[in-house]
Amino acid sequence: MGRVAKTKTRQGSTRALVLWVRALLVAPLTLALSAPAHSAGPGPLVTLRLDLGQRDLFDRAAALGLQSVDRQANVFELPADAAVLACIDGAHLSFQPLDDTDAITPRSTTHLLRYEEPVAAAARGQFTADPILDSITRRLSVDSLVAYATRLERFQTRFTYTDSNRAAMDYLIAKFHSFGYTAARADTFLVSDTKFGQGTGQAHNVICTKAGTQEPSDVVVIGARYDTKVTDGGDPLIFAPGGDRDASGVAAVLEAARILSDLPTRKTVLFVAFGGGEQVEGGSNEMADAFFNGFDPRKLNVVIDVDAIGFTNDGQPDLNVDADAESFGFARLAERMGLEHTWLKPHYQNAAPTSDWWPFAHLGYHWIDLSEGDANNAHNTESDRVAKLNPRYWAEVAKIAALTTFIVAATPSAVESLTVADVGDGASLQLRWARLKGGDIAWYRVYWGLQSGDYDRSMDVPGAATGAVIEGLAEGTPYFVSVTGLTTAGRESSVQPEAQMTPLRFPRMPIGVFANADYRRIDLTWDVPIELDVNHYEIWRGADSNSLEPIVPSWPDHRWSDSRAGGQIQFYRVQSVDNDGNSSGMSAAVSARAAVFDRGFLLLDMSDQGSGGPDAAQRQAIYDSMFVAYPHAYYRKESGKGLDKSALGQYRTLVWLNDSPSKKVWPAEYWTVLNWYLTYHNDLVMTGWRTVEEIANCSGLCLQREGSFLHDRFGVGSIYPLAAIDCNGAHGAEGFPDLVFDTARVPAEWHGRLGFLWGMQGVGGASVALTYDSETDNADREGSPIGVLRDGLSNRFAFISLPLFYVRTQDATALMSALADWLGVPSKIPGDLDANVSLDVRDVRRVVDAVFRHVIPVGGLEQADLNGDCTVDILDVVAIANYVLLGEGELRSGCSR
């Protein structure tokens, strides 16, 4: 591990931390008091004064080495060549020359001493006494809000498809320019409105950009929709005033842009008037998609939606602050702005998805929505007029919107990649995080406490640090920790990440242990330890979870490969050992079987239960009868269970069966496992009612291009639906038999016929094995390929877009015989002497019996000749023992002469 800066807490013994002057520059929050420099002792002193009424800190400050000059006035002296950050039970004392080009020297005689109370909760921030916030509230103009909204209302309508909407767009752009912004523009997109018979048309987002100074690629959006409609019988093309919904919100966005125009912000702010909002949030959908799909490469921090904020019918100070759980920190910040800077009483709630925040929330972005606390029944009617609004209430909500926007934009982003690790001494935790962007991060503040979001202790570390160690903790006690960044101006991250950890002396058992089957090996992995003093791991293995033996007494990494696992199921547990020799408990047992790909067919039933069609027992009985002449095993996908490499890895040919009539979407990990299987030159047969449709993920004619699974594996160039219920079966080709349905299995309402099948057009060397047999000889369907074969360079592939369950048993059996011949699947597995479609110690025992007790195995004595030398002897015992127990060599049944 790298070197980590350590600091002491604000509780217990207090110590001074000497830092460079530049890391401690803070904005003045108290009166600057001049005092002459003094010369005393070995070097000059600088006089500073704490003038915040904290007289109880005097004695503890003196203990830090600050020499008292005047006890009554709280005046102290410190050496002129040092900058000191003193942490005294929550009092944060820092020193700064007024002229930030000067160091602390005898000629810099005027300095500041700053006090901050400790932060007690996430999203708290340090803004209560900030004069900038007071300035923002004073600058907001009620008259301006009313003027903006009145002008918007005078357009008569701002319905998306009208000339007035375009005129309103031009007005908004001009207004942003009048505030001094140069980056104000319209972003055009298409929307559709069938309710009013307008079809597809253009809509426009008006976007004004205020560039960030330190984190310009991080974005804060404050927005409201400017288009309108009416739903009370009027004509939105003629009159839709939208005074409250949402001219009141747009006016707040404009006013926020005006009063924040000359205030620098770390992050970029987008002031947005959303267009097409009445066409299912068209403008906000457009912007959300741009961020999500990377068309706008910047990072979206939060969206502040201002949604109808001018109406109150009772004069009560209620205001809705809507957010989801993930955005609660931002909602809490808006609540605090209302409580500290307005007479309103905001309250948090989780809103229904009905406004312009919803597209962002749907894609996982942070958001809050500000809306009036009283219901305005005039929304979307011709009565929604500015004259009916309450400007005093309206202005208070606009203040909250502007203040919240400024704070999020002016403060550092949340600290990312916070991790916490147990030092291992029972009393310390190590934190690591990613360094914040921008060159003005003076320090990081580390918080911790016994409850989530409620931190009663904290410490500061230099801005160059990316980690810290918390000491003096109670062993076995869970702690919640968080980290924020603070700028040289004293602004702190307003949203904090949180992690939890319990300090312990003994190591924890490894977690996340996973056994992954691969060819002739099992890869064992587990999570990187959360303790720093783990020295090594002990790995245990056995034939079952209760009979394990240590096979690796000391392994340094959190991954290990077992290349001597053989072809049997192996169980594993892992144990941690620390530097003092203390051992953890055993991990949970995991198991896997190394892949050998040496058996016959694996029948993989991917049909879903409860989706119609035959049940699992019926399917298995039919499938087993189809493959009765060949070694095979049956594996059914269960709910929530993916493909199993351990099961799949034992077989040379996979038969994917899917006889559910309902369409499914296969998880991505299924294709990962399937492609892994095909990497080792195995063969694949896929069948089913809708399998080809599910793989192509389409419902009509679909062209399959190079790079798609169907094209590259099966040589299928296109698929198309054969929707009529008139399929009698299939005509065979290339040596494959004709197929006829068993009418007793076909649903009665279909009268012995099947429908909704798929045709396939082959390319790239694919040949047709089966074609559609139409009862009516319909030219559109008769002869359409429904079974294709492709002999690849190292794999063979067959695709049959037909549910095999409904095929007559004798025809299905003949089909499987033809497939087995084409694939070259042997009728028996070499070494499977008990015919259980499995190679295990029972087969070893039968070879021993054949050699030493002359017991003839199933299939005859020649089946015990496993090295192909035409003699059954001790060499065959060695061959099967090496193969089954050690995973070495190959087996060949019968004489090879």
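A pocket, on a 1 Å grid over the protein atoms alone, is an open set of points with protein on both sides within 12 Å along at least five of seven lines, and a residue lines it if it has an atom within 4 Å of a point. Grid points are joined across faces, edges and corners, and a volume is the space filled by probe spheres set on them.

**Ground rules.** I'm working with a predicted model, where local features need pLDDT of at least 70, side-chain atom pairs count only at pLDDT 80 or more, and totals for chains, interfaces and linings use all residues. Residues are numbered from 1 along each chain as its sequence is written, and side-chain values use heavy atoms, with hydrogens and water left out.

**Pocket.** I looked up the second largest pocket and got a volume of about 450 Å³. Its lining has 21 residues, and Tyr635, Asp644, Lys645, Ser646 and Ala647 lie nearest the centre. Strand 26 (514-518) is one of the elements that supply at least two lining residues each, and helix 11 (645-648) is another; helices (H or I, at least four residues) and strands (E, at least two) are DSSP runs, numbered from the N terminus. Strand 26 gives the most, four residues. I sorted the lining by class: 13 nonpolar, four polar and four charged. Here Ala, Val, Leu, Ile, Met, Phe, Trp, Tyr, Cys and Pro are nonpolar, Asp, Glu, Lys and Arg are charged, and the others, Gly among them, are polar.

**Cavities.** Next I checked for cavities, meaning sets of points where a 1.4 Å probe fits but cannot get out. I found seven of 30 Å³ or more, and the largest has a volume of about 50 Å³. Among its lining residues are Gly567, Asp598, Arg599 and Tyr883. That lining splits into four nonpolar, three polar and two charged residues.

**Helix pair.** I then turned to helix 2 (residues 131-139) and helix 9 (residues 391-410), which pack at about 145 degrees with axes 10 Å apart. Axes are lines fitted to C-alpha atoms over the stretch in contact, and angles run from 0 to 180 degrees between N-to-C directions. Ile132, Leu133, Ile136 and Thr137 of helix 2 meet helix 9 residues including Leu403 and Phe406, contact being heavy atoms within 4.5 Å. I noted seven nonpolar, one polar and one charged residues in this contact.

**Rings.** Last, I counted 32 aromatic pairs, that is, rings of Phe, Tyr and Trp (its six-membered ring) with centres within 6.5 Å; planes under 30 degrees apart are stacked, over 60 edge-to-face, the rest tilted. Tyr181 and Phe271 make a tilted pair, 5.9 Å centre to centre with 55 degrees between planes. They sit 90 residues apart, Phe271 being in strand 14 (residues 267-274).
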